[in-house]
Amino acid sequence: MATPIASGAAMLVRQYFVDGFYPGGVRGSSNEHSNPSGALIKAVLLGGAQEMDFAKRGSERSIYYDRYQGFGRIDLIKSLPLQGENNFQSRIFDRVPITQGQSNTVTVTINNSGACDYNEFRAQLVWYDYYNAGGCSKNCLFNDLDLLVVSGETRSYPNGRNRKDDVNTAERVIIKDPPDGRTFNITVTGASFSAPVGGPQKYSLVLLGCLADDDPGPGTADLTVQSFLAHNDPIFVVPDFFDAREKDWVGIFSLNAVGPTGTASRDDALMWVNSCGTQECTNPVVEGEAVVFNGPNTEGKATFPLDTATYELIAARDDGTVLNTYEFRVRVNPTQITVASNNPSADPVFIIYDTDESVADENDWLGIFPRDESNISQGTATDFTNLNVCGDDGDDICLDYVYAPVLDVGLYKVVLVRDRDNGDPVVWASSDFQVS
């Protein structure tokens, strides 16, 4: 019955966050982490798991982290604060980005006053590593993260060890009977990264115990820009907030906008938008949803489109505390399309385009449409071709590419287009021609 019980418990953990039980332990407390990652669900299950005193290791009693019980027995009452059923606090951090050599630290203080009934402090780290070869049994981690809990001169390592764990993707520290007022610094470090794909590693962290009602930390935000970043082109920004809060915002600034105190003001932003899409943000941030800078939905002292220049993208709290920055450039249209043909019917129409490699994308495509067609999509095109079909391995982007379809007599336009995950196709360049 272990598998069905674990599966059912995982569903209950997900429902806990979806229904808004975090952090108050009652339905509708907030919408924080309303789309929990698989790593977070696993971290909750392991974080509160209890030792199985009855488990045996030969003639001896099994202990945590041995092969007989691992992290222990799932116990949701010890994993999730639930009003009327238990009395302790949790701090949850999901989809936190970290790079090699970077350290993220959260500080908590124990508050044993009141009716708190948790006699331990627990920190549980979980991340999903890049998949390795089948049958790997040694040195299998690609991206190794380290969990360390420090209080005064005492350093606590995970999984019952007296040193770092460089084997597992789940690490837990348990400190029994922490005294009132004791402060713990919980640090996650990107120790060693070797995954074949780039970018930061994301992790989930769960803290459990009698925790004082204090701010868990300033947070961070991983900013992903999905755009040509060209003049007149909408700028799509996907902010992935760590410890997301209502009225977090994203703004576009001139360079060097962050002050010496690590803050930025919306009053100085060229354009800004709350993460939930409006100035008066009544809904919490939805992690991973795109913010689109295209004029009508933005506040600020500049108008869309932005001039050709280098800019700074800033994610910040409502009070101006900067979570992350990203530098990008808006450039002029670097694409030219040339139609080269005598253009008689049944004669190939040679179309040559030249695209700046720095802004080319494998989702770009070239389409031919009737000249008066306003609905630009591959479904309405008379003929089209993807830009990534001319590489030797099918993945390279074609630059200086010749495309030669055969067309009937008529008036046409050739259009270079980019499809996006967030938004309508964007026309990059266009040229009219006639087949006679």
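In which order do the strands of the open sheet with 4 strands and antiparallel pairing, the one that includes strand 9, run? The order is 4-9-6-7. Strands, like helices, are DSSP runs numbered from the N terminus (E, at least two residues, for strands; H or I, at least four, for helices). Two strands pair if DSSP finds at least two bridges between them. The edge strands here are strand 4 (103–109) and strand 7 (154–156), and each pairs on one side only. On average, neighbouring strands of this sheet are turned by 25° against each other, direction ignored. Strand 6 (residues 143–151) and strand 7 run antiparallel and are joined by 3 bridges. Within strand 7, Arg 155 is the bridge partner of Val 150.

Before going on, note what kind of model this is. It is predicted: local features need pLDDT of at least 70, side-chain atom pairs count only at pLDDT 80 or more, and totals for chains, interfaces and linings use all residues. Residues are numbered from 1 along each chain as its sequence is written, and side-chain values use heavy atoms, with hydrogens and water left out.

Now take the chain as a whole. It has 2 helices and 24 strands. Of its 436 residues, 45% count as buried; buried means under 20% relative accessible area, exposed over 50%, and partly exposed in between (1.4 Å probe, protein chains only). Contact means heavy atoms within 4.5 Å. Among contacts in the chain with a separation of 6 or more, 67% are between residues 24 or more positions apart.

A second open sheet also deserves a look. Its 4 strands follow the order 3-10-5-8, with antiparallel pairing. Strand 3 and strand 8 (170–176) are the edge strands, and each pairs on one side only. Neighbouring strands of this sheet are turned by 10° against each other on average, direction ignored. Helix 2 (residues 38–47) packs on the sheet and touches strand 3, strand 5, strand 8 and strand 10. The direction of helix 2 makes about 150° with that of strand 5. Such angles run from 0 to 180 degrees between N-to-C directions, with axes fitted as lines to C-alpha atoms, for helices over the stretch in contact. Strand 3 and strand 10 (residues 201–209) run antiparallel, joined by 8 bridges. Arg 91 stands opposite Leu 207 in strand 10.

Two residues let us zoom in. Asp 94 lies in strand 3 (residues 89–98). Asp 94 is buried, with a relative accessible area of 1%. What does its side chain meet? A polar contact is a pair of N or O atoms within 3.5 Å; within protein, one must be able to donate a hydrogen and the other to accept it, and residues adjacent in sequence count only if both atoms are side-chain atoms. The side chain of Asp 94 makes one such contact with the side chain of Ser 37, at 2.6 Å. Another joins it to the side chain of Ser 204, also 2.6 Å.

Arg 122 sits in strand 5 (residues 120–127). Arg 122 is buried too, with a relative accessible area of 1%. Its side chain reaches the backbone oxygen of Gly 47 at 2.9 Å. A polar contact of 2.8 Å links the side chains of Arg 122 and Glu 120. Leaving aside neighbours within four places in sequence, Arg 122 has contacts including Leu 46, Tyr 64, Arg 172 and Leu 207.
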